[in-house]
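User: Could you walk me through the ligand site and the pockets here, and tell me how you reach each label?

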Amino acid sequence: MSRLDSFINRMVAQRACLNFIAAQVHGPTLTEPVLELGLGNGRTYDHLRELFPNAPIFVFDRAMRANPKSAPPEDMMILGDVRDTLPAIRPRLGAGARLVHSDIGDGSRDTTEPLIRALEQALPPLLADGAYIVADQKMSVPNWHALPLPEGIAEGRYYIWQYR
Ligand code: SAM
């Protein structure tokens, strides 16, 4: 498969998984926190804002490099390494986040693996009961139950868990 095909498949999977969760939680009515790990260009953040217009969306990245149209409000953009910034956000989350979307892989196994292992430790204390985790990388956490992917999305292309 060409890199273009692979990229397109990943984008399709990402959108399908986020839309699936929005349907599960009645997206427009959600007022509990959403965490976006990896702002990048801001494409998925922009999609999350459409799906969850009433939810506070906390956005994490090392730097703000998004298209200006997708810039989060200053007080919702949490700059720094997520390994440092995630624990510090806990007091702002009330009963916990209802959705975490993690798209933080950089294509290198050497840097992504340790980061994902750190997220497996950092995320559980931030979650509300019943929270969904949608991610580009496989994680393995007790009480996170893998959900079937939306129709047409190949196994392993993206991941969805529910914490319960
Ligand atoms: N979802 C984004 C979009 O739709 O445009 C793309 C995200 S991009 C693939 C991954 C982002 O994760 C990059 O912007 C990178 O700076 C960020 N990132 C990677 N490791 C990080 C870390 N340890 N802490 C904070 N941000 C990190």
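Analyst: Sure. A residue counts as near the ligand if one of its heavy atoms lies within 4 Å of it. This is a predicted model, and 18 residues are around the ligand, with Asn41, Thr44, Asp61, Val82 and Asp103 coming nearest.

User: What makes the residues of the shell around the ligand divide into nonpolar, polar and charged the way they do?

Analyst: The split is four nonpolar, seven polar and seven charged. Asp counts as charged, Val as nonpolar, and Asn and Thr as polar. As for elements, α2 and α3 each supply at least two residues of that shell.

User: How do you know that Thr44 has a polar contact with the ligand?

Analyst: The cut-off is a pair of N or O atoms within 3.5 Å. A polar side-chain atom of Thr44 lies 2.7 Å from a nitrogen atom of the ligand, so the pair qualifies. Asp103 passes too, because an N or O atom in its side chain is 2.7 Å from a nitrogen atom of the ligand.

User: And why is the Asp81 pair called a polar contact?

Analyst: An N or O atom in the side chain of Asp81 is 3.3 Å from a nitrogen atom of the ligand. That is within 3.5 Å, so this pair counts as well. On area, the ligand taken alone exposes 610 Å², and the protein buries 85% of that.

User: How do you know which pocket the ligand takes?

Analyst: The test is that more than half of the ligand's atoms lie within 2 Å of the pocket's grid points. The space taken by the ligand is the largest pocket, which has a volume of about 740 Å³.

User: What makes a residue part of the lining of the largest pocket?

Analyst: A lining residue has an atom within 4 Å of a grid point. For the largest pocket 30 residues line it, and Gly38, Leu39, Gly40, Asn41 and Asp103 lie nearest its centre. Elements giving two or more residues are α1 (3-24), α2 (43-51), β2 (57-61), α3 (82-89) and α4 (109-122). α1 gives the most, with six residues. By class, this lining has nine nonpolar, 11 polar and 10 charged residues.

User: Which residues and elements line the second largest pocket?

Analyst: The second largest pocket has a volume of about 370 Å³. It is lined by 15 residues, with Ser6, Arg10, Gly107, Asp136 and Gln137 nearest its centre. α1 and α4 are the elements that give two or more residues, and α1 gives the most, with four.

User: What classes do the residues in the lining of the second largest pocket fall into?

Analyst: One is nonpolar, seven are polar and seven are charged. Gly counts as polar, so Gly107 goes in the polar group.

Notes:
Residues are numbered from 1 along each chain as its sequence is written. This is a predicted model: local features need pLDDT of at least 70, side-chain atom pairs count only at pLDDT 80 or more; totals for chains, interfaces and linings use all residues. Side-chain values use heavy atoms; hydrogens and water are left out. On a 1 Å grid over the protein atoms alone, a cavity is a set of points where a 1.4 Å probe fits but cannot get out, and a pocket is an open set with protein on both sides within 12 Å along at least five of seven lines; lining residues have an atom within 4 Å of a point. Grid points are joined across faces, edges and corners, and a volume is the space filled by probe spheres set on the points. A polar contact is a pair of N or O atoms within 3.5 Å; within protein, one must be able to donate a hydrogen and the other to accept it, and residues adjacent in sequence count only if both atoms are side-chain atoms. Accessible areas come from the Shrake-Rupley method with a 1.4 Å probe; for residues, only the protein chains shown count as cover.
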